Amino acid sequence: MGRPAVSFMGGAGLDPAALRRDRWGGEMLRIDGRSLTLADVERVAAAEVEVALAPEARAAMGRSRELVEEKVASGEVIYGVTTGFGRLADVPVPESHREELQHNLLRSHAAGVGPLLSDQEVRVLLLLRANALARGNSGIRPMVVDRILLHLNRGMHPAIPEAGSVGASGDLAPLAHMALPLIGEGEFLAGPARPPRPAAEVLAEEELPPLRLEAKEGLALINGTQATTALGILVWHRAMRALETLEGAGAMSLEALLGTPEAFRREVQEVRPHPEQAESAARLRGLLAESEIRESHRKGDPRVQDAYSLRCMPQVHGAARSVLGYARGILSREANSATDNPLLFPETGSVVSAGNFHAQIVAQALDFLCIAMADLAAISERRLERLLNPDLSGLPPFLTPASPGRHSGLMILQVTVVDLLAELRVLAHPVSVDSVPTSANQEDHVSMGLAAARKARRAVDLLEAVVAAELMAAAQGIEFRRPLRAGRGVEWIHAQVRTRVAALEGDRSPAPDLARLRAAVHKGKLVPPHRYREEREG
């Protein structure tokens with residue numbers, strides 16, 4: 001019908017339907033509220049797959065909707081359906097005003113502030129909210145979720161401010177901003193450096209009539225943890241890429257500093273059987289295999305053992321792996337949870353007011369992730385210091401190949417990283433312990449989940465820059481060990497760094513080099529392929 005293209009992943013004028021045809025041949029992800037994986041979420045964030053309700057989810061939603069209509073017809077008092085919300089839960093709402101009640105809920109709760117969530121973040125939020133509703137415990141009509149998924153598949157991304165939720169009763173403000181365009185209000189994103197567009201205009205261009213919400217549907221749309229969880233899942237993926245890349249940076253630093261891999265031996269890990277520690281040690285062994293640099297100092301080296309920042313990489317990196325494994329479990333379960341209130345159970349005819357909207361478990365997991373990111377940055381900074389300090393490295397001061405004194409080399413890299421590390425340590429403070437009662441003390445304990453998610457996002461931003469700095473310095477250190485070759489995995493990483501950043505010959509601004517490496521870390525371009533990583537046994 002000549003529909004104009006809407007902003008898609010921040011790109012103006014890109015037709016998402018054409019993108020799907022060209023890249024995926026119409027591949028469809030069918031959601032049922034139970035089987036969504038974190039890998040699925042990342043694919044939807046990147047617009048790599050179309051999404052639709054599974055038939056069994058549509059049937060389950062139909063049964064829960066019938067229960068809502070049955071309860072309303074019977075005159076039963078149901079929170080948020082026949083009553084007001086929060087502190088106003090005891091105020092009855094007559095039948096003639098119940099549609100108005102649901103629409104006013106969206107309007108009044110859309111009180112977010114601050115920068116808007118990115119296209120990717122909004123895509124994940126839409127997906128997760130649709131998936132939660134697809135479980136069939138929320139009483140919403142399938143056609144409403146169909147419209148959410150239509151917005152997702154067409155690249156119609158609601159404009160959602162990133163702040164304004166305490167994570168109980170769910171992420172009310174962000175989800176209200178998500179839902180307003182369904183009724184022709186609110187705004188859609190319009191592309192980079194362009195202001196959002198009124199939803200009514202976009203819906204008219206797309207030939208989509210605004211929806212009229214029925215009993216329970218406004219409440220079902222905004223009661224949940226999906227903003228916190230959406231940011232959390234995207235952060236988790238980035239954190240895993242940063243950790244895998246940091247493992248390679250650490251191995252390259254060890255080679256440049258003539259360290260020994262003896263501490264990474266399998267039998268050492270077996271007597272302290274933390275699986276994540278063993279996995280990091282196996283990664284390091286694979287990266288360092290076949291190293292000529294190692295053989296050059298195997299004999300006659302007066303040093304007995306390396307500093308902790310080298311020797312204890314499996315223990316420290318492994319601890320972060322453990323944290324990320326815990327966070328993965330929490331986020332995976334939350335992505336497939338019904339977080340509405342009240343919940344409906346058609347099999348028993350029950351309507352239950354409960355607290356699944358409380359995001360405490362997600363907030364705590366993301367706080368824990370921040371602690372792990374800060375500690376990874378801390379150990380990386382110590383390796384960077386050893387590389388740059390001639391008294392510790394045996395290398396030229398600050399890794400300059402030119403005349404030290406006239407040239408400062410990479411001196412200021414460590415200064416930059418120390419600044420980032422200071423902020424990371426502040427971000428490691430848990431916001432999930434900072435509950436403040438809201439809604440006239442009805443909601444007297446809250447999770448601060450969205451603040452934890454924003455904090456985790458910033459922590460990973462900073463860690464990516466720290467990893468870039470270590471990669472840059474370690475690669476320069478390897479230049480001073482030539483013509484000897486490093487381990488096969490380290491050589492792969494070194495080559496990848498050199499395709500983006502030339503070896504230092506004289507002073508130049510490190511900022512553009514850091515930016516290129518940071519972008520590569522963000523995208524996972526410097527994660528060594530599996531053939532360079534020894535697989536953990538058992």
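What handedness does the β-α-β unit made by strand 1, helix 2 and strand 2 have? Select helix 2 (residues 38–45) along with the two strands: the unit is right-handed, meaning that, with the strands pointing away from the viewer, the path from the first strand over the helix to the second runs clockwise.

Before you click on, some housekeeping. You're looking at a predicted model, where local features need pLDDT of at least 70 and side-chain atom pairs count only at pLDDT 80 or more, while totals for chains, interfaces and linings use all residues. Residues are numbered from 1 along each chain as its sequence is written, and side-chain values use heavy atoms, with hydrogens and water left out. Helices (H or I, at least four residues) and strands (E, at least two) are DSSP runs, numbered from the N terminus.

**Stop 1: the two strands**

Stay with strand 1, residues 28–31. Leu29 and Ile31 sit on its covered face, Met28 and Arg30 on the uncovered one. Now add strand 2, residues 50–53, which runs parallel to strand 1 and is joined to it by four bridges; two strands pair if DSSP finds at least two bridges between them. To see the register, pick Ile31, whose bridge partner is Leu53, then Arg30, which stands opposite Ala52. Strand 2 is covered on both faces, with Glu50 and Ala52 buried on one side and Val51 and Leu53 buried on the other. Buried here is under 20% relative accessible area, exposed is over 50%, and partly exposed is in between (1.4 Å probe, protein chains only).

**Stop 2: helix 3 against helix 6**

Two packed helices are described by the angle between their axes and the distance between the axes. Show helix 3 (residues 55–74) and helix 6 (residues 142–154): they pack at about 135°, axes 9 Å apart. That angle makes helix 3 oblique to helix 6. Axes are lines fitted to C-alpha atoms, for helices over the stretch in contact, and angles run from 0 to 180 degrees between N-to-C directions. Under 35 degrees counts as roughly parallel, over 145 as roughly antiparallel, 65 to 115 as roughly perpendicular and the rest as oblique.

Which residues of helix 3 and helix 6 make the contact? Select Arg58, Met61 and Gly62 from helix 3, plus Pro142, Val145 and Asp146 from helix 6. Contact means heavy atoms within 4.5 Å.

**Stop 3: Glu255**

Jump to helix 10 (residues 226–256) and pick Glu255. Is Glu255 buried or exposed? Glu255 is buried, with a relative accessible area of 1%. Beyond neighbours within four places in sequence, its contacts include Arg294, Arg481, Ser291 and Val490. For a distance label, try Glu255 to Pro314: 59 residues apart in sequence, 16 Å apart C-alpha to C-alpha.

**Stop 4: backbone oddities**

Start with the cis peptide bonds. The bond from Ala168 to Ser169 is cis, with omega near 5°, and Ser169 lies in the loop between strand 4 (161–163) and helix 7 (172–179). Asn341 to Pro342 is also cis, omega near -5°; look for Pro342 in the loop between helix 15 (313–334) and strand 7 (343–345).

Next, check phi. Leu258 isn't a glycine, yet has a positive phi of about 55°. Leu258 lies in the loop between helix 10 and helix 11 (266–270), partly exposed at 22% relative accessible area. Finish at Ala440, another non-glycine with positive phi, near 55°. Ala440 is in the loop between helix 18 (411–427) and helix 19 (449–479), and is exposed, with a relative accessible area of 59%.
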